[in-house]
Amino acid sequence: MGPVPPTKKKPQVTATEPAAAAAAPDRRSELLGTAAEVFAEQGYNATTVRKIADHAGMLAGSLYYHFDSKESMLEEILRTFLDELWDGYDAVLGAGLGPRETLQALVTESFREIDRHRAAVAIYQKESKQLVAQERFAFLAESQRRFEKAWLSTLERGVAERAFRADLDVRLTYRFVRDTVWVAASWYRPGGGHSPDEIARQYLSMVLDGIAVRE
């Protein structure tokens, strides 16, 4: 399935706009950032190219010099986020750490990615179940399979090596940690009172040590 063409006729634009777009490579990244925020706030189906252009302070027709559709924008937003996430995860998984240290590093890397791509994480959480039905977004399902395997194998290794409790339900634990970490995208804002690493430390303290006073 190829990119979906825009449903509205492109407005007339001036002859200088293509040159301006080519002369400003950072503009593409800025537009993706704007689109991600609009998708996250209003939902993918409710967002039009015109709404994205309005938030970017430009004509909808001008946006088509950078992207051929909102589907293309969303795909690039999600692929950029997941590519960076897996760069971090693969580095952790290949570092030869013990299971507890691996778990800690994966949680920390997750919060760093929320800090870098908060809107993309929010979109992924809200929209992925519907998007995976489209051929161009099939990569979301593959990433989910890799994600689950990485976390489950870490927890299973921890049980086998007695770093984690023998009675641990690894699948339930995986779901708990996954949801506890990634739901933070709904409230986290970069530049807040806590750094990603500090939030990760607090979460890990609660997950690994609990919240009760130690005897």
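Me: Which residues of α7 are buried?
Reply: This is a predicted model, and in it the buried residues of α7 are R118, A119, A120, V121, A122, I123, Y124, E127, S128 and L131.

Me: What makes α7 "largely enclosed" by the rest of the structure?
Reply: The count does. Ten of the 14 residues of α7 are buried, so the helix is largely enclosed. Buried here means under 20% relative accessible area. The cover over those buried residues includes α2 (26-42), α5 (70-93), α6 (99-116), α8 (139-160) and α9.

Me: Why is S128 called buried?
Reply: S128 has a relative accessible area of 14%, and the cut-off is under 20%, so S128 counts as buried. S128 sits in helix α7.

Me: What is S128 in contact with, leaving aside its neighbours within four places in sequence?
Reply: I123 and L140. Contact takes heavy atoms within 4.5 Å, and with those neighbours left aside, S128 has contacts with these two residues.

Me: How do you know how the length of α7 compares with what is expected?
Reply: Set the reach against the expected span, which is 1.5 Å times one less than the number of residues. Helix α7 covers residues 118-131, 14 in number. From first C-alpha to last, α7 reaches 19 Å, close to the expected 20 Å.

Me: Where does α7 bend, and by how much?
Reply: At Q125, by about 45°. That angle is taken between two axes, one fitted to the seven residues ending at Q125 and one to the seven starting there.

Me: Why does the span of α6 agree with the expected one?
Reply: The 18 residues of α6 should span 26 Å at 1.5 Å a residue, and the end C-alpha atoms are 26 Å apart, so the two agree.

Me: Which residues of α6 are buried, and what covers them?
Reply: P99, T102, L103, L106, V107, T108, E109, S110, F111, E113 and I114 are buried. What covers them includes α5, α7, α8, α9 and α10.

Me: What makes A200 buried?
Reply: A200 has a relative accessible area of 0%. Buried needs under 20%, so A200 is buried. A200 lies in helix α10.

Me: How far apart are A200 and T108 in sequence and in space?
Reply: They are 92 residues apart in sequence and 5.1 Å apart in space, C-alpha to C-alpha. Neighbours within four places aside, A200 is in contact with V107, T108 and F111.

Now for the empty spaces.

Me: How do you know how many cavities of 30 Å³ or more there are?
Reply: A cavity is a place where a 1.4 Å probe fits but cannot get out. By this rule there is one cavity of 30 Å³ or more. The largest cavity has a volume of about 30 Å³, and V107, V177, T180, V181, Y203, L204 and V207 line it. The elements giving two or more residues to that lining are α9 (170-182) and α10 (196-209). By class, the lining has six nonpolar, one polar and no charged residues.

Me: What volume does the largest pocket have, and which residues are closest to its centre?
Reply: The largest pocket has a volume of about 460 Å³. Of its 19 lining residues, the closest to the centre are Y124, Q125, S128, Q144 and R178. Helices α5, α7, α8 and α9 each give two or more residues to this lining. It divides into twelve nonpolar, four polar and three charged residues.

How values were computed: Residues are numbered from 1 along each chain as its sequence is written. This is a predicted model: local features need pLDDT of at least 70, side-chain atom pairs count only at pLDDT 80 or more; totals for chains, interfaces and linings use all residues. Side-chain values use heavy atoms; hydrogens and water are left out. On a 1 Å grid over the protein atoms alone, a cavity is a set of points where a 1.4 Å probe fits but cannot get out, and a pocket is an open set with protein on both sides within 12 Å along at least five of seven lines; lining residues have an atom within 4 Å of a point. Grid points are joined across faces, edges and corners, and a volume is the space filled by probe spheres set on the points. Helices (H or I, at least four residues) and strands (E, at least two) are DSSP runs, numbered from the N terminus. Ala, Val, Leu, Ile, Met, Phe, Trp, Tyr, Cys and Pro count as nonpolar, Asp, Glu, Lys and Arg as charged, and the others, Gly among them, as polar. Buried means under 20% relative accessible area, exposed over 50%, partly exposed in between (1.4 Å probe, protein chains only).
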